[in-house]
Amino acid sequence: MTPPRKRRDGARPAVPPDVELRPRGDPPGRADRAGARHPASGQLRDHHHQGRAPRCTSGPKYPFGDALTLLRSLPGGCTPLVFFDPQHRGVLDKLQYGNEGARQKGRFTLPAMTTGYIDQCCREAARVLAPSGYLLHWTDTFHLCEGDHRRVADVLKCVDLIAWDNLRAGMGYRTRRRGDYLLVLQKEPLRAKGTWRDHGIPSRWPEKVDRKTHPHAKPAGLIARLIGAITNPGDLVVDPAAGSFVVMHVANSLGRNFAGCDIACQPAHPPIGLGTMTAFHGAPQDHLRVAGRAE
């Protein structure tokens with residue numbers, strides 16, 4: 001096990017109790033999914049996240065935190081829009097390529113979320129959404145075919161789907177994956193009029209991204225169109241698994257407020273041309289609330 005890096009003051013950074021530190025190149029196995037011992041206490045625990053958080057890089061400081069903790073800290077009905085980009089392991093465990101650490105080093109080090117944890121986050125997102133608000137849930141081909149979103153259909157209905165083409169061939173035993181899907185989930189009452197103002201967004205969206213910013217970088221152009229379609233200036237946009245924090249940059253550049261965090265590390269560098277970086281102040285727990293505010 002690789003210990004956490006020491007800060008300059010000599011203290012070790014805090015590690016959330018549900019995140020396991022794993023040596024680089026060691027993929028999670030069945031024993032990890034069943035439960036493992038906490039590296040400090042030795043007590044058995046269930047994993048919400050699986051994998052090893054990558055080391056933080058130099059540059060602007062982004063808020064570190066747990067997605068479910070953030071969502072639970074927000075009041076009910078406080079936002080019309082939540083983005084959620086969970087780090088799945090289902091497709092990788094199913095296909096069992098066995099060389100992910102060599103082929104996708106950045107993605108391999110990201111802590112993966114369990115199915116139960118993802119469902120809890122979706123239900124908490126439904127609570128913080130205003131009536132007729134939207135959860136925009138990123139998913140891949142495997143989980144889309146499995147119909148994972150139907151497990152939360154009692155609180156969030158799937159009303160649309162956007163296929164994002166990243167113009168880069170990926171993996172797959174039959175067809176090669178190229179991009180992801182964005183499930184448009186809505187809280188009741190279900191209605192489009194008055195909740196979605198941009199009717200020119202195509203259901204198939206081609207856009208390249210710079211994966212050097214983050215292994216799971218998402219298209220800023222599409223995100224900007226969606227934020228403009230659903231929210232008004234001054235509204236709060238939430239992203240509890242922010243990754244590259246592209247949603248924050250786009251939201252702030254459009255005059256929206258932002259609440260978000262990420263359990264892994266800071267992106268290598270912020271996306272260029274998406275507005276200014278918002279400063280963060282206060283204790284770490286304060287970052288789990290409104291982390292970015294539009295200027």
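The chain comprises 9 helices and 11 strands. The model is a predicted one. Of the 295 residues, 49% count as buried. The exposed surface of the chain amounts to about 14600 Å², and carbon and sulfur atoms supply 52% of this area. Among the contacts with a separation of 6 or more, 74% are accounted for by residues 24 or more positions apart.

Seven of the strands are described together here. An open sheet of 7 strands follows the order β9-β7-β8-β6-β4-β10-β11, and its pairing is mixed. Strands β9 (204–206) and β11 (257–260) form the edges, each pairing on one side only. On average, and with direction ignored, neighbouring strands of this sheet are turned by 20 degrees against each other.

Within the sheet, strand β4, covering residues 79–84, pairs with strand β6, covering residues 129–139. The pairing of β4 with β6 is parallel and extends over 5 bridges. Thr79 stands opposite Leu129 of β6. Two helices can be placed relative to these strands. Helix α6, made up of residues 115–128, lies across β4 and β6 and runs at about 150 degrees to β6. Helix α8 (residues 220–230) packs on the sheet, where it touches β4, β6, β7 (157–165), β8 (180–186), β9 and β10 (236–239). The direction of α8 makes about 160 degrees with that of β4.

The nonpolar interior was examined next. In soluble globular proteins, nonpolar side chains tend to be buried together. The largest nonpolar core of the chain holds 28 residues, of which Phe83, Leu136, Leu226 and Ile227 touch the most other members. Two or more residues of this core come from each of β4, β6, β7, β8, α8 and α9 (246–253). The most is given by α8, with 7 residues.

Leu226 illustrates the contacts involved. Leaving aside residues up to four places away in sequence, Leu226 touches Phe83, Leu136, Ile162, Leu182, Trp196 and Ile201. Phe83 and Leu136, two of these partners, are themselves among the residues that touch the most other members of the core. Apart from this core lies another, of 24 residues, which includes Val82, Leu129, Val152 and Ala259. Leu129, one of the residues of that other core, is also the residue of β6 that stands opposite Thr79.

Notes
Residues are numbered from 1 along each chain as its sequence is written. This is a predicted model: local features need pLDDT of at least 70, side-chain atom pairs count only at pLDDT 80 or more; totals for chains, interfaces and linings use all residues. Side-chain values use heavy atoms; hydrogens and water are left out. Helices (H or I, at least four residues) and strands (E, at least two) are DSSP runs, numbered from the N terminus. Buried means under 20% relative accessible area, exposed over 50%, partly exposed in between (1.4 Å probe, protein chains only). Contact means heavy atoms within 4.5 Å. Accessible areas come from the Shrake-Rupley method with a 1.4 Å probe; for residues, only the protein chains shown count as cover. Two strands pair if DSSP finds at least two bridges between them. Axes are lines fitted to C-alpha atoms, for helices over the stretch in contact, and angles run from 0 to 180 degrees between N-to-C directions. A nonpolar core is a set of buried Ala, Val, Leu, Ile, Met, Phe, Trp, Tyr and Cys residues joined through side-chain atoms within 4.5 Å.
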